[in-house]
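Please open the model in your viewer and keep the selection panel at hand. The tour moves from enclosed space to open space, and then to the backbone, the cysteines and the chain as a whole.

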Amino acid sequence: MTDLKLFNSLTREIEPFRPVHEGEARVYTCGPTVYNYPHIGNMRAYVFADILGRTLSHKGYDLTHIINITDVGHLTDDADAGEDKMEKMASEKAQSIWDIAQHYTETYWADVKALNIRQPAKWSVATDYIEEMLEFAKSIADKHCYELESGLYFDVSTIEDYGRLARAVTEDGEGRIDTVEGKRNAADFAIWRKTPAGEKRQMEWDSPWGKGAPGWHLECSVMGEKLLGFPFDIHTGGIDHREIHHPNEIAQNQAFCGCGGLSDARNSGANIWMHNNFLVERSGKMSKSSGEFLRLQLLLDKGYHPLAYRMMCLQAHYRSELEFSWEGLTAALTRLKRIVMLVERIVDAPSGGATDHPKFAPVLEKFEAAIADDLNTSIALTALEDALATKKVDAGIKRAVVELIDSVLGLGLFELARTDLRIRPKDAVITEAEIDAAFERRKAARAEKDFAASDAIRDELAAQGVEVMDGDPMGWEWKLS
């Protein structure tokens with residue numbers, strides 16, 4: 001198989017994957033802060049991480065993938081400022097912070113399952129590692145930290161190459177980090193936040209620096225080191241983490257390891273840092289601060305199968321911006337539907353067969369080259385379609401080739417039926433008898449060449465959630481939307 005090459009955000013170069021431990025791949029993914037529902041842009045990061053993990057498994061590596069759950073320490077401004085997101089939501093909802101965390105963790109897991117994202121080796125929950133965070137902080141405090149009234153802060157001048165990952169740090173750090181009186185450098189960040197005098201948080205612990213809670217950046221350093229060991233192979237996250245969160249993680253890792261500069265990527269704690277780009281939506285509903293934002297559940301309520309969104313993600317390279325639109329989602333669903341129609345022809349063929357057939361050699365070469373080229377799923381999808389279009393071959397061999405490709409793309413093609421992909425809005429109320437009556441009127445209008453009336457009936461049906469499927473090769477005249 002073609003050697004796997006991945007883009008390293010730290011070096012800004014495509015690099016061959018060389019595991020730290022022979023035959024293993026150890027991956028850490030920054031997971032959600034469970035103070036609210038994830039929006040679909042958040043979920044793009046986990047589709048990307050899933051493709052990475054599936055590719056590493058396909059390449060024969062023994063994968064250990066960790067995804068964390070942040071249930072404490074993440075402030076309302078990612079730039080180390082504002083209120084704790086969890087405490088703020090618990091106060092607004094007048095609920096226990098633990099109940100808030102449980103509810104939003106479970107809804108996130110539901111989205112993970114709906115998008116056919118594989119379970120990681122472990123979901124690491126931040127509050128399960130408080131003792132380890134304290135030990136980590138104590139180990140670096142003397143050389144790299146200083147105490148202020150508000151907490152323990154990391155002095156970024158004590159390590160080499162701070163901010164190299166972001167490559168966006170100004171000399172004075174202006175615009176990156178909240179101003180705190182007494183900080184030595186504007187970019188210094190909190191390792192431990194003391195509970196202000198006279199206040200009590202729902203989540204707080206004793207520490208050498210007073211009762212309080214860990215900083216967001218500390219959590220990932222601790223769980224990465226504890227569960228994977230430094231250096232591990234790959235650290236992933238959204239591109240928004242590349243500017244502040246991950247540079248601060250790296251600084252802590254350097255301090256903990258007593259490492260030198262970042263010209264040697266191993267000193268960062270991970271050999272490769274990978275970041276997916278944003279999902280953009282022009283109406284501005286990708287921000288949770290708007291109050292109304294695009295959740296996967298909204299897509300489901302509108303009747304779209306969740307794997308249509310996965311298909312939409314696969315059609316773009318993970319490092320490219322992806323624009324969301326309902327038209328684009330519909331196009332992705334249509335493409336998935338066409339693929340499933342072809343898969344249905346081989347669904348009864350025996351599973352697990354050989355893939356070595358001369359007709360499939362170029363298809364598999366194309367697929368292997370695509371995923372090895374920094375996870376180029378858009379090309380890998382065309383290889384899948386090439387495989388399904390291959391004629392005059394044994395159905396069992398074709399199925400084996402499609403299964404192999406789908407093991408990386410993760411569309412679950414042999415568990416999908418075309419009927420699963422009908423668009424069925426949650427609020428659709430029209431009955432089949434009403435649809436049949438409308439179709440009779442439309443047939444009559446078309447017979448009389450009254451195409452204006454025919455189009456009006458089609459639009460009337462569409463408004464009630466019925467898509468007319470003129471020319472459908474499977475002979476379906478309509479589908480309930």
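## Enclosed space

A search of the whole structure finds 2 cavities of 30 Å³ or more, where a cavity is a set of points, on a 1 Å grid over the protein atoms alone, at which a 1.4 Å probe fits but cannot get out. Volumes here are the space filled by probe spheres set on the grid points, which are joined across faces, edges and corners. This is a predicted model, in which local features need pLDDT of at least 70 and side-chain atom pairs count only at pLDDT 80 or more, while totals for chains, interfaces and linings use all residues. Residues are numbered from 1 along each chain as its sequence is written, and side-chain values use heavy atoms, with hydrogens and water left out.

Select first Arg-44, Val-47, Phe-48, Ile-51, Cys-313, Leu-314, Ala-316, His-317, Tyr-318, Leu-375 and Thr-377, which line the largest cavity; lining residues are those with an atom within 4 Å of a point. Helix 1 and helix 8 (306-314) are the elements that give two or more residues to this lining, helices being DSSP runs of H or I with at least four residues and strands runs of E with at least two, numbered from the N terminus. Helix 1 gives the most, with 4 residues. The volume of the largest cavity is about 110 Å³, and its lining divides into 8 nonpolar, 2 polar and 1 charged residues. In this division Ala, Val, Leu, Ile, Met, Phe, Trp, Tyr, Cys and Pro count as nonpolar, Asp, Glu, Lys and Arg as charged, and the others, Gly among them, as polar.

Next select Gly-73, His-74, Leu-75, Asp-77, Asp-78, Asp-80, Trp-216 and His-217, the lining of the second largest cavity, which holds about 40 Å³ of space. Strand 5 (75-77) and helix 5 each supply at least two of these residues, and by class the lining has 2 nonpolar, 3 polar and 3 charged residues.

## Open space

Now centre the view on His-39, Asn-42, Lys-85, Asp-240 and Lys-288, which are the closest to the centre of the largest pocket among the 38 residues that line it. A pocket is an open set of points with protein on both sides within 12 Å along at least five of seven lines, and about 930 Å³ of space lies in this one. Helix 1 (40-58), helix 2, helix 3, strand 12 and strand 14 (279-280) each supply at least two lining residues, and the lining comprises 17 nonpolar, 15 polar and 6 charged residues.

Move on to Glu-83, Asp-84, Pro-196, Glu-199 and Arg-201, which lie nearest the centre of the second largest pocket, itself lined by 20 residues. This pocket has about 390 Å³ of space, and its lining divides into 6 nonpolar, 4 polar and 10 charged residues. Strand 6 (81-84), helix 2, strand 10 (189-194) and strand 11 (212-214) each supply at least two of them.

## Backbone stops

Most residues other than glycine have a negative phi, and most peptide bonds are trans. Select Phe-230 and Pro-231 to see a cis peptide bond, with omega near -15°; Pro-231 sits in the loop between helix 5 (216-228) and strand 12 (232-238).

Ala-94, in the loop between helix 2 (85-93) and helix 3 (97-114), has a positive phi, near 55°. Its relative accessibility of 68% makes Ala-94 exposed, given that exposed means over 50% relative accessible area, buried under 20% and partly exposed in between, with a 1.4 Å probe and protein chains only. Lys-392, in the loop between helix 11 (377-389) and helix 12 (395-409), also has a positive phi, near 55°, and counts as exposed at 83%.

## Cysteines and the whole chain

How many disulfides does the structure hold? There are 0, a disulfide being a pair of cysteine sulfur atoms within 2.5 Å. Select Cys-259, whose sulfur is 3.9 Å from that of Cys-257, its closest cysteine sulfur, and therefore too far for a bond; Cys-259 is partly exposed at 26%. The sulfur of Cys-145 is 14 Å from its closest cysteine sulfur, also in Cys-257, and Cys-145 is buried at 10%.

Finally, zoom out to the protein chain, which has 14 helices and 17 strands. Its C-alpha trace spans about 85 × 55 × 35 Å along the principal axes, and 54% of its 481 residues count as buried.
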